[in-house]
Amino acid sequence: MLHKLIRRKPERQNQTLAERISQSKNEHIPAHIAIIMDGNGRWAKKRALPRVAGHHEGMKTVRKITRLANDLGVRALTVYAFSTENWKRPKLEVDFIMRLPEEFLGKYLPELIEQNVKVVMMGENETLPKHTQEAVRKAMEQTKDNTGLVLNFALNYGSRAEIAQAMQKIAQQIQEGTIDHTDVNEDLISQHLMTCDLPEPDLLIRTSGEVRLSNFMLWQLAYTEFWFTDTLWPDFDEACLLDAVESYQNRNRRYGGLKGEETN
């Protein structure tokens, strides 16, 4: 079963990148792609570089993948930039990562605006450094009216905490009498999550060979197609994204039913 989730040799390997892009556009494109960007540290270690060099190189990959996702017609791209557990890493590394949104958005925001990309963020914003908050706030403000791809940074994000906070809000509404406990259903819970304005992911990609979710969008990924690759995030390129999209396009999404059969 697991082999279906792992990157396989692309069937369109003899085609040019442009040909693959064109063909993919003629098939069903995932509306929302979520990516666990893993392997920055290992990429740097293989090159005898400090771990922060891998994070910096990974930032460039975000730009490349955002451009292609937007070109393909993907509606939302969520990238797992920093988890609530990542604070346990060495302070020097954490401080560097917290500077990356400022550098990335400072350098590429004009390009994102030109491409009609809308920047949003999910996570605990209040505990981020002020300079990180300001960089994200500025990008969100300047792109709020854009109607193209939504680039969603999962920054200081943890799915269990997200779900717990949603439950607290719902419990408070029940206590206040604005809703009844019988009103609690899947739709109501989804409306209280940080992704309430986004479609649930169609495709999850995780790089670097790890095969786990790491507290990422646990509720939202219930019916998502998974795709794992050994490629380290800084080496993940346009061809890799197309590999994942093509794999998705060849799958039969049944949502618990049987394709072509309806139950009355």
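## A tour from Thr143 to helix H8

Select Thr143 to begin: leaving aside residues up to four places away in sequence, Thr143 touches Leu109, Ile113, Val117, Lys118 and Val119. Bear in mind throughout that the model is predicted.

Stay on Thr143 and show the helix around it. Thr143 belongs to helix H5, residues 130–143. Its relative accessibility is 0%, so Thr143 counts as buried, the limit being under 20%. Now display the side chain of Thr143 together with the backbone of Ala139. The Thr143 side chain reaches the backbone oxygen of Ala139 at 2.7 Å.

Next, go to Thr231, which lies in the loop between strand E6 (225–228) and H8. Is Thr231 buried or exposed? With a relative accessible area of 17%, Thr231 is buried, because that value is under 20%. Add Gly39 to the selection and draw a C-alpha to C-alpha distance. Thr231 and Gly39 are 8.0 Å apart in space, while 192 residues separate them in sequence.

From that loop, move on to H8 and select residues 238–249 along with helix H3, residues 51–72. The axes of H3 and H8 come within 9 Å and cross at roughly 45 degrees. That angle makes H3 oblique to H8, and the crossing is right-handed. To see the contact, show Lys64, Ile65, Leu68, Ala69 and Leu72 on the H3 side, and Glu238, Leu241, Leu242 and Val245 on the H8 side. Colour these residues by type: the contact of H3 with H8 has 7 nonpolar residues, no polar ones and 2 charged ones.

Keep H8 on screen, hide H3 and bring in helix H1, residues 17–25. How are H1 and H8 oriented to each other? Their axes come within 11 Å and cross at roughly 30 degrees. H1 and H8 are therefore roughly parallel, as angles under 35 degrees count as such. The crossing of H1 and H8 is left-handed.

For the side chains here, select Leu17, Arg20, Ile21 and Ser24 in H1. In H8 they meet Glu238, Ala239, Leu242, Asp243, Val245, Glu246 and Gln249. By type, the contact of H1 with H8 holds 5 nonpolar, 2 polar and 4 charged residues.

As a last view, show H1, H3 and H8 together. Label Glu238, Leu242 and Val245 of H8: these residues are in the contact with H3 and also in the contact with H1.

How values were computed. Residues numbered from 1 in each chain as written. Predicted model: local features only at pLDDT ≥ 70, side-chain atom pairs only at ≥ 80, totals over all residues. Heavy atoms only, no water. Axes fitted to C-alpha atoms, helices over the stretch in contact; angles between N-to-C directions. Helix = DSSP H or I, 4+ residues; strand = E, 2+ residues; numbered from the N terminus. Parallel < 35°, antiparallel > 145°, perpendicular 65-115°, else oblique. Left-handed = near helix turned anticlockwise from the far one by under 90°. Contact = heavy atoms within 4.5 Å. Nonpolar A, V, L, I, M, F, W, Y, C, P; charged D, E, K, R; others polar. Buried < 20%, exposed > 50% of the residue type's maximum accessible area, 1.4 Å probe, protein only. Polar contact = N/O pair within 3.5 Å; in protein donor to acceptor, adjacent residues only side chain to side chain.
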